[in-house]
Amino acid sequence: MSVRLLVFGILAVVTASLGLIGFAAYLPSRPEFGRGFLDRLFYSIQLFFVAAEPVKNGGPMPAVLNLARFLGPMVTASAVIEVFATVFAAQRQQWRARSSRRHVVVCGSGGDALLLVSRLRAKGSSVVLVDQRPSDDAVNACRRVRVPVVVGDPTDETVLRSAGTANAESVYAMSSGSVANTSIAVAARAVDAGRQIPLTCFASVPDRDLRAALLARGLGRTGNHEFRLVLFSTDEIAARVLAQNSPLTTRSTGAAPHILVAGLDDFGQTLALELARRWRVHVNLGRARLILTVAGPYAAAFGDRLRQRFPALDTVCEVRFVPAQLTSLANEHAGLLESADRVFVCADDDVVAVKIGLSILRALRDHEVQVTVRVRERGAELNEAFHGASGRLFDDVSGSLRIFGALDEACRPDAIQAGAAVEEIARSLHDEYVAQCAANGDTPSANPSMAPWEALAEDLKNANRAQARHLGEKLSAIGCIAVPVFDSTMSFAFRSAPDEVAQLARMEHQRWAEERRARGYIYGPNRGEQRHPNLVDWDELPESAREKNRMFVRALPRVLVGAGFQILRLAISPP
């Protein structure tokens, strides 16, 4: 649109200039008309709307004036057509948005919102973007993927209605501010009234303290089972993904690795805790604690916060806090860097982060240390520059430098919807199983199911994932939800009247039996290939097998805390 306006502006100036020149040559032959500059300017402006008075009756006139006579109406007509086309396009977009069904509404104006839009479209979802002040680049990007844009404040209920929110399946609140996204969620909840399609609102709340406060106040507990609110942070999602993609192993000597996390923003804190959680299974097997160093300005001040989020931190890790400016790590803490097996750089500024990563690698040129640099945007492009298959622009420093794009990884619909929760809870379930087996005297050599998660057979991983996916249904049955840990001092206990442990144990046995039968298992008095003696109804199940299910349920609060979640009991009754 701006290019077209520029063209119209240039044509208008050219037409007016030709008119001034033409009238200067023509008016001396028409003494009845004024010949001053203002007179000529007035007549030139008239060329855009009606025939100017001096040329209304035609006759011979200078060529430049004739050209201006035709250009003027053409410019005016083109501008009118453009205005009508723009208005029609806007009305058409509003109609498309309002008439959409089972679509996704994305609210936001940043690169994360546009990235999410493109990925939703790539999955085949119908999408509507709501943006208060969309840029030309955003409008053009949406036009290319056939996404209507609704211009307006997404915190306004009327604007959300014009985006067809009443018939949408989900809303993503991706504005830059935590409060704004919370307001969008409130507006979406208001639009939700009386709707037939269940609506889920995913609201980005980057501020961890505000997110914890909202969870504590029960904002996600609406009392309406047709509306679900999920609060998330792209930093936390990205940190979980990075930890998941960075498996830890012991050194060749059998010693625990040394991990250095440089930078303690929300991403850095979450990354440090996720790496610690992943090492817990090794500690359960009797191995040494992970050496975890966290560096940054005022690093020691973060100790209590990290321990609150993961109470078992000191049991799993030997934690070291190093107060340091990140830009001075390579020069002032060379010994610390040399002792590390992996370094994760989490600086606020992307350019500074890459500089720090490169300076660390220069200082460690004689040591094999993998350095991962977190950047917020353009991670894929930077990785291509260092590791591109079609040719590198820069030296990849012997493959030791890795660029991790936080937004690239976090702005994926499946990552936001799951919040990496299923994988984390599945891993924590496995860790709990390993701890119980170790307490009973089992060893990994005798029981292959006790292997660390990274070495676990895929079918056993899938069994844990199936359990993790079912936890939401179990908790919902007793009027509870799982939320990210925000207060480790808040305890949870199952009720005895009615007996919630027995209720959930029965549900777990039913889930397990249905899963086994779907895989072709049948009942058999002795355990063997595709046969299992516990494939019976709960009432016929041996007491030892029932107790095993009860033990699983009793461990759930501990399992969830280990994965970074806690259970909240809702004020409303379960459906």
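Me: What makes both faces of strand 7 count as covered?

Reply: Start from the residues, bearing in mind that this is a predicted model. His258, Leu260 and Ala262 lie on one side of strand 7, Ile259 and Val261 lie on the other, and all of them are buried. To be called buried, a residue must have under 20% relative accessible area. Five of the five residues of strand 7 pass that test, so the strand is largely enclosed by the rest of the structure.

Me: Why are strand 7 and strand 8 called a pair?

Reply: Pairing requires at least two bridges. Between strand 7 and strand 8 there are five, in the parallel sense, so the requirement is met. One of the residues involved is Ala262, whose bridge partner in strand 8 is Ala295.

Me: And what joins strand 7 to strand 10?

Reply: Four bridges, again with a parallel pairing. Here Val261 has Phe344 of strand 10 as its bridge partner.

Me: What kind of sheet do these strands belong to, and in what order do they come?

Reply: An open sheet of six strands with parallel pairing, in the order 9-8-7-10-11-12.

Me: What makes strand 9 and strand 12 the edge strands?

Reply: Strand 9 (317-323) and strand 12 (401-405) each pair on one side only. From one strand to the next, the twist averages 20 degrees.

Me: How do you know that strand 11 pairs with strand 12?

Reply: Count the bridges again: five of them link strand 11 (residues 370-375) with strand 12, and the two run parallel. With at least two needed, they therefore count as paired. For a single example, look at Arg374, which has Phe404 in strand 12 as its bridge partner.

Me: Which strands does helix 10 touch as it packs on the sheet?

Reply: Helix 10 (residues 266-284) touches strand 7 (258-262), strand 8 (290-296), strand 9, strand 10 (342-345), strand 11 and strand 12. The direction of helix 10 makes about 175 degrees with that of strand 8. Angles here run from 0 to 180 degrees between N-to-C directions, so a value of about 175 degrees falls close to the upper end of the scale. Helix 15 (residues 350-363) packs on the sheet as well, touching strand 10, strand 11 and strand 12, and its direction makes about 175 degrees with that of strand 11.

Me: What kind of unit do strand 7, helix 10 and strand 8 make?

Reply: They make a right-handed β-α-β unit. The label right-handed applies because, with the strands pointing away from the viewer, the path from the first strand over the helix to the second runs clockwise. Strand 1, helix 4 (residues 111-122) and strand 2 also make a right-handed β-α-β unit.

Me: Which strands are joined to strand 1 by bridges?

Reply: Strand 2 (residues 127-131) is joined to strand 1 by four bridges, and strand 4 (residues 170-173) is joined to strand 1 by four bridges too. Both pairings are parallel. Val104 stands opposite Val127 in strand 2, while Val105 has Val171 in strand 4 as its bridge partner. As for the side chains of strand 1 (residues 104-107), Val104 and Val106 point one way, Val105 and Cys107 point the other, and all are buried.

Me: Why is Ala113 classed the way it is, buried or exposed?

Reply: Its relative accessibility is 0%, so Ala113 counts as buried. Ala113 sits in helix 4 and, leaving aside neighbours within four places in sequence, is in contact with Val106, Gly108 and Met174.

Me: And why is Asn549 classed as buried or exposed?

Reply: Asn549 has 13% relative accessibility, and the limit for buried is under 20%, so buried is the right class. Asn549 lies in helix 22 (residues 543-554). Not counting residues up to four places away in sequence, Asn549 touches Ala505, Glu508, His509, Trp538 and Leu541.

Me: How many disulfides are there?

Reply: Zero. A disulfide needs a pair of cysteine sulfur atoms within 2.5 Å, and by this rule the count comes to zero. Two cysteines are worth a look all the same: Cys317 is buried at a relative accessible area of 0%, and Cys411 counts as buried at 0% too.

Me: Where does UniProt list a "transmembrane region"?

Reply: The unreviewed UniProt entry lists it at residues 6-25. In the model that span is 100% helix and 0% strand, and its end C-alpha atoms lie 29 Å apart.

Notes: Residues are numbered from 1 along each chain as its sequence is written. This is a predicted model: local features need pLDDT of at least 70, side-chain atom pairs count only at pLDDT 80 or more; totals for chains, interfaces and linings use all residues. Side-chain values use heavy atoms; hydrogens and water are left out. Contact means heavy atoms within 4.5 Å. UniProt positions are given in the numbering used here, feature names are shortened, and annotations may be inferred rather than shown by experiment. Buried means under 20% relative accessible area, exposed over 50%, partly exposed in between (1.4 Å probe, protein chains only).
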